[in-house]
Amino acid sequence: VRRTPRVVPTGRWTQPQLTQRLVNAGLAPRPDDSLPAHPDYRVKPLGFRLGDTHLLVWIYRDSLARRGVSATIDTLTAFPRDPASAWSALPMFVVQNNLLAVIVGGSDRQRERIRLAIEAGLPLPPA
């Protein structure tokens with residue numbers, strides 16, 4: 001049995017926490033850099049492939065930095081207002097704390113599983 005390393009909660013998303021959350025949700029994330037990044041997102045994205053679904057994630061230093069970017073994004077196209085969409089399918093836009101994600105492709109069920117895994121939020125610190 002392959003296990004992900006234990007992640008110490010910080011109150012902010014990190015790549016290991018995201019990967020652990022996706023694995024715990026029964027998803028099998030693989031690194032993927034085939035989707036276009038957009039400079040208006042201001043940080044380099046993490047790209048994942050989960051079956052037929054692509055996931056791009058931007059992790060900011062805190063929720064205020066993320067909010068500064070997500071306030072400028074059209075939630076229907078997942079791009080800043082007005083440009084033509086570069087996605088091959090309608091994207092799903094997900095925001096949670098200091099994380100901004102775009103889910104592209106795959107089945108509705110797979111997209112929903114990814115969205116729910118992220119929107120469940122960060123794990124609680126041990127009691």
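Start by selecting Val57: leaving aside residues up to four places away in sequence, Val57 touches Leu18, Lys44, Pro45, Leu46, Phe48, Leu99, Leu100 and Ala101. The model on the screen is a predicted one. Colour Val57 by accessibility and there is nothing to show, since its relative accessible area is 0% and the residue is buried.

Next, extend the selection to residues 53-59, which form strand β3, the strand that holds Val57. Add residues 99-105, strand β7; β3 and β7 pair in the antiparallel sense over 7 bridges. Within this pairing, pick Ile59, which stands opposite Leu99 of β7. Leu99 is also one of the contacts of Val57. Draw a distance between the C-alpha atoms of Val57 and Leu99: the value is 7.0 Å, for two residues 42 apart along the chain.

Now show the whole sheet. Its 5 strands run in the order β1-β2-β3-β7-β6, with antiparallel pairing, and the sheet is open. Select β1 (30-31) and β6 (92-96) to find the edges; each has a single partner strand, so one side of each has no neighbour in the sheet.

Turn to the helices that lie against these strands. Residues 15-24 are helix α1, which packs on the sheet and touches β2 (46-50), β3 and β7. The direction of α1 makes about 10° with that of β2. Then select residues 108-119, helix α3, which lies across β2, β3, β6 and β7 and runs at about 15° to β6.

Return to β3 for the aromatic residues. A search of the whole structure gives 1 aromatic pair. Select Tyr41 and Trp58: their ring centres are 3.9 Å apart and their planes meet at 25°, so the pair counts as stacked. Tyr41 sits in the loop between β1 and β2, and Trp58 in strand β3, so the pair ties together parts that are 17 residues apart in sequence. Both partners are under cover: Tyr41 is buried at 0% relative accessibility, and Trp58 is buried at 1%.

Finally, select the full chain. The chain has 3 helices and 7 strands, which follow the pattern α-β-β-β-α-β-β-β-β-α along the sequence. Of its 127 residues, 41% count as buried. Among contacts between residues at least 6 apart in sequence, 51% join residues at least 24 apart. With the surface switched on, the accessible area of the chain comes to about 7,500 Å², and carbon and sulfur atoms account for 53% of that.

Technical notes
Residues numbered from 1 in each chain as written. Predicted model: local features only at pLDDT ≥ 70, side-chain atom pairs only at ≥ 80, totals over all residues. Heavy atoms only, no water. Helix = DSSP H or I, 4+ residues; strand = E, 2+ residues; numbered from the N terminus. Buried < 20%, exposed > 50% of the residue type's maximum accessible area, 1.4 Å probe, protein only. Contact = heavy atoms within 4.5 Å. Pairing = 2+ DSSP bridges. Axes fitted to C-alpha atoms, helices over the stretch in contact; angles between N-to-C directions. Phe/Tyr/Trp six-rings, centres within 6.5 Å; stacked < 30°, edge-to-face > 60°. Areas by Shrake-Rupley, 256 points an atom, 1.4 Å probe, with all protein chains shown as cover.
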